[in-house]
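Let's go through this model together, one question at a time. Have a look at the sequence and the structure first.

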Amino acid sequence: MKRAGPRALAGLAAAAGLAGCSSSQPLHPRPAPSPPPATRPPPRQASRLPPQAPRSRTDVYAADRPGHLAARVRHDPARVYVPNSESNTVDVVSQATGRIVGHFAVGALPQHVTPSWDLRTLWVTNDRGNSLTPIDPRTGHPGRPVAVTDPYNLYFTADGRRAIVVAEAHRALDFRSPHTMRLRHSLALPGCAGVDHMDFSASGRQALVSCEFAGRLVVVDLIRERVRRSIELRPDAMPQDVKLSPDGRTFYVADMARGGVWLIDAARWRVIRFQPTGRGAHGLYPSRNSRVLYVSNRGEGSITLISFRKRRPFGKWRLPGGGSPDMGGVSASGRVLWLTGRYNAELYAISTRTGRLLRRVRVGRGPHGACVWPQPGRYSIGHTGILR
């Protein structure tokens, strides 16, 4: 679910037994770019990747092991930041107690909470509010919003030099300065209705981008900031979250309408096959040991476990009493998977060892892309926390 109100593809969502698709038509005219007020220090030259964790040619998530917290986040309190899309608020939840320890208003239709490349700021993407709200993860307090057009989602290039705002309604990727969010270049994606999520190749030079309402994916050259090619799925496909396998060879793409994940060859940019997982497949999260991909099936209240080595499911956890697990992340220890309950105004804490539901926390209406913080890793490439 992207936006409240009329939805251009409500019929498709209803046919799939799913609520939560948005119109991809612009809700407001696109203004000429102008520098917004800075909420952080002036832009810096991108620094070399911090050496807190080893690199690996065989595992893109090697820096994400338990305990591999960067020095700059080591003392950040363990919280889950939950954007409530229908309440226009953020709830701050203690990971230790499951209690709400902070609550504040943000712009209209907050969709995700995204860590900045340098791990110093968490950004709330206020989609209809046309703004980004910065949060200081050391205090959990919000700062002054920055004016940005149509920020459904947010990413950062692997070198930290550019932010990428996913302007869903305008079918564009806006490349911006990572601190001031000043617009540098807008890449139009006219054939990508419902541009939503992405992940990067192992080199960080290309991105695979999902087009929710077009039944396709697009490959973007992040160096030249241009589209390389399109990958057709099926007319009834509704691609969502995207995640790269640890070995960098396969992209997994959740499909909410068809109830599973697409496997895409990351070298040839071709469809390998479709793998069913469950109704309303939406969020994708790797385990801290790079062995398991957790797939949240929000249409049936379950999480499917896929083996990265075998590229097949080997288990499924169902939430007792039902629910709508959506988006979130894995705790720094790797022991807990936190997911929002999109249609139930809840946040779930699930044991990654047993699949047992540990906590069910009441939050605001329409909780969406929650950020679990802090997380291991050297730098963030965005979304709710893709760290490498």
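Q: Is R65 buried, partly exposed or exposed?
A: This is a predicted model, where local features need pLDDT of at least 70, side-chain atom pairs count only at pLDDT 80 or more, and totals for chains, interfaces and linings use all residues. Residues are numbered from 1 along each chain as its sequence is written, and side-chain values use heavy atoms, with hydrogens and water left out. Buried means under 20% relative accessible area and exposed over 50%, with partly exposed in between (1.4 Å probe, protein chains only). R65 has 24% relative accessibility, so R65 counts as partly exposed.

Q: Which residue forms a salt bridge with R65?
A: A salt bridge here is a side-chain nitrogen of Lys or Arg within 4 Å of a carboxyl oxygen of Asp or Glu. For R65, the closest N and O atoms of the pair are 2.6 Å apart. The partner has 10% relative accessibility and therefore counts as buried. That partner is D59.

Q: How many residues apart in sequence are the parts that D199 and R388 tie together?
A: D199 and R388 form a salt bridge, with 3.3 Å between the closest N and O atoms. D199 lies in strand β13 and R388 in the segment after β29 (371-373), so the pair links distant places in the sequence. Strands (E, at least two residues) and helices (H or I, at least four) are DSSP runs, numbered from the N terminus. Both residues are buried, and the parts they tie together are 189 residues apart.

Q: How many salt bridges does the structure hold?
A: Among them is the pair of D241 and K243, whose closest N and O atoms are 3.4 Å apart; D241 and K243 are both buried. R234, D236 and R258 are linked in a network of salt bridges. The structure's total is 17.

Q: Which strand supplies the largest share of the largest nonpolar core?
A: A nonpolar core is a set of buried Ala, Val, Leu, Ile, Met, Phe, Trp, Tyr and Cys residues joined through side-chain atoms within 4.5 Å. The largest one has 32 residues, and I164, L173, M181, M198, F200 and V209 touch the most other members. Strands supplying at least two residues each include β9 (153-156), β11 (172-176) and β14 (206-211). The largest share, four residues, comes from β10.

Q: Which residues does V209 contact, leaving aside its neighbours within four places in sequence?
A: Contact means heavy atoms within 4.5 Å. V209 is one of the core residues that touch the most other members. With those neighbours set aside, its contacts are L173, V195, H197, M198, R216, L217, V218 and V220.

Q: Why is strand β19 largely enclosed by the rest of the structure?
A: Strand β19 covers residues 260-265. Its enclosure follows from burial, because the buried residues of β19 number five of six.

Q: In β20, which residue is the bridge partner of L263?
A: Two strands pair if DSSP finds at least two bridges between them. β19 pairs with β18 (residues 250-255) through six bridges, running antiparallel, and A254 stands opposite V261. β19 and β20 (residues 270-276) also pair in the antiparallel sense, over six bridges. In β20, the partner of L263 is R273.

Q: Which residue takes a positive phi in the hairpin of β19 and β20?
A: In the hairpin of β18 and β19, with four residues between the strands, G259 in the turn has a positive phi of about 70°. The hairpin of β19 and β20 has four residues between its strands, and a positive phi near 55° there belongs to W269.
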